[in-house]
Amino acid sequence: MSNNRKVRVKIPASTANLGPGFDTLGMALSLYAWIEMGEAEQTVFHLYGDEMKDVARDKSNLIYKVAQMVFDEAGISVPELEISMHSEIPLTRGLGSSASAIIGGMVAANALIGSPLSNDRLFDMATALEKHPDNVGASLFGGIIAAAWDGSHADVIRIEPPEDLEVLVVIPEFELATSKAREALPSSVTVADAVYNVSRSSLLTGALACGRLDLIGAAMRDRLHQPYRAPLVPGMETVLAEATQHGALGIALSGAGPTLIAFVDRREPGKSELEAFLMETMREQGIEARTRWLLPCRTGALAESVDENGMQNQSFLDMIKGEVRS
């Protein structure tokens, strides 16, 4: 490996569960993080953007640690790295920020050493870290994924998002740790609630695969996690109950929250009404929030060599400025 070789990776954010598909369904979103990685004399980090202000700048950094996991798995030693990162993905909001860092670090490290590990192997390694495959699978493969994890291997199917599917996220201005959101869940559920979710998760998967947007509202309902997490997100009960009356196809908590994600037909004339309803519901609860219209991201993490693509003279920061502007 050339000592001055660098790779750059663009990684999409993700939303998990999609309502009923707890720890199973995920979708990549058009919100991104970028990582540049190269071998160095000593490890150094360049972190850009507001979302990076609390991220570690030493070898406890998650990207550094997952890169070393890849090198160890491949039997190659690259102890010192120069890592640059910029992210648009808000931390601990339910949009897969940790999954994007894990996938970005692994894909970059693998590309840096000639890609000896398959994406399937990276997926298993990432899922073992995250403990569930939904966010990491969406960020790695793009589109919509349905996956099952047995503790050592994840099986996955990728679904191409329907052409007319658009999403609106409402991001409350407070953080909600996944660990806290998981503590709110019961240790057991009734058979009736299990069947309720299995049926809707199956229906949702089929509806998305077939482009049946008319079935999404019925299919996105959940009894396994959202009712128990609702007290952690003021206004969530109202939003889940009423968003379809204001133009949403369906709505769910994004991952562990607190972000809420509405699925919308891009031809829907009432988009502004839906956005106003979500913001007003948050305001009524005294919650500061922001909204973003996003699309499903059809590509997963993409790596390219800085040297091979004529980018030697374009700094990472210049590249980011161009990407964010576009």
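**Figure 1. The stretch that UniProt lists as "domain: GHMP kinase C-terminal", in an unreviewed entry, runs over residues 209-271.** Everything in these panels comes from a predicted model. In this span, 29% of the chain is helix and 16% is strand. Its two end C-alpha atoms sit 24 Å apart.

**Figure 2. Here's the other UniProt stretch, "domain: GHMP kinase N-terminal", at residues 61-143, again from an unreviewed entry.** Helix makes up 59% of residues 61-143, and strand 8%. From end to end, the C-alpha atoms are 28 Å apart.

**Figure 3. Zooming in on a helix pair: H2 (residues 97-112) packs with H3 (residues 119-130).** Two numbers describe a packed pair of helices: the angle between the axes and the distance between them. For H2 and H3, the angle is about 145° and the axes are 10 Å apart. The crossing of H2 past H3 is right-handed. On the H2 side, the contact is built from Ser98, Ala99, Ile102, Ile103, Met106, Val107 and Asn110. H3 answers with Leu122, Met125, Ala126, Leu129 and Glu130.

**Figure 4. This view shows how the chain splits into domain 1 (6-160 + 297-325) and domain 2 (165-294).** Taken over C-alpha atoms, the centres of domain 1 and domain 2 are 25 Å apart. Domain 1 puts 25 residues into the contact, and domain 2 puts in 37 residues.

**Figure 5. Next up is the largest nonpolar core, with 76 residues.** Met37, Leu81 and Phe263 have the most contacts inside this core. Both domain 1 and domain 2 feed into it, with at least three residues from each. There's also a second, separate core of 23 residues, and Met236, Ala248, Leu253 and Ile287 are among its members.

**Figure 6. A closer look at Met37 and what it touches.** Setting aside residues up to four places away in sequence, Met37 touches Arg5, Lys6 and Val7, along with Ile63, Ala67, Leu81, Glu82 and Ile83. Gly105, Ala108, Ala109 and Leu112 round out the list of residues that Met37 touches.

**Figure 7. Leu25 sits in strand E2 (residues 25-39).** With a relative accessible area of 3%, Leu25 falls under the 20% cut-off, so this residue counts as buried. Leaving out neighbours within four places in sequence, Leu25 is in contact with Thr15, Ala16, Asn17 and Leu18, and also with Asp134, Ile145 and Ala146. Ser201, Leu204 and Thr205 are in contact with Leu25 too. Leu224 is 199 residues away from Leu25 along the chain, and their C-alpha atoms are separated by 14 Å.

Terms used. Residues numbered from 1 in each chain as written. Predicted model: local features only at pLDDT ≥ 70, side-chain atom pairs only at ≥ 80, totals over all residues. Heavy atoms only, no water. Core = buried A, V, L, I, M, F, W, Y, C linked by side-chain atoms within 4.5 Å. Buried < 20%, exposed > 50% of the residue type's maximum accessible area, 1.4 Å probe, protein only. Domains from an automatic or database assignment. Contact = heavy atoms within 4.5 Å. UniProt positions renumbered as here; feature names shortened; annotations may be inferred. Helix = DSSP H or I, 4+ residues; strand = E, 2+ residues; numbered from the N terminus. Axes fitted to C-alpha atoms, helices over the stretch in contact; angles between N-to-C directions. Left-handed = near helix turned anticlockwise from the far one by under 90°.
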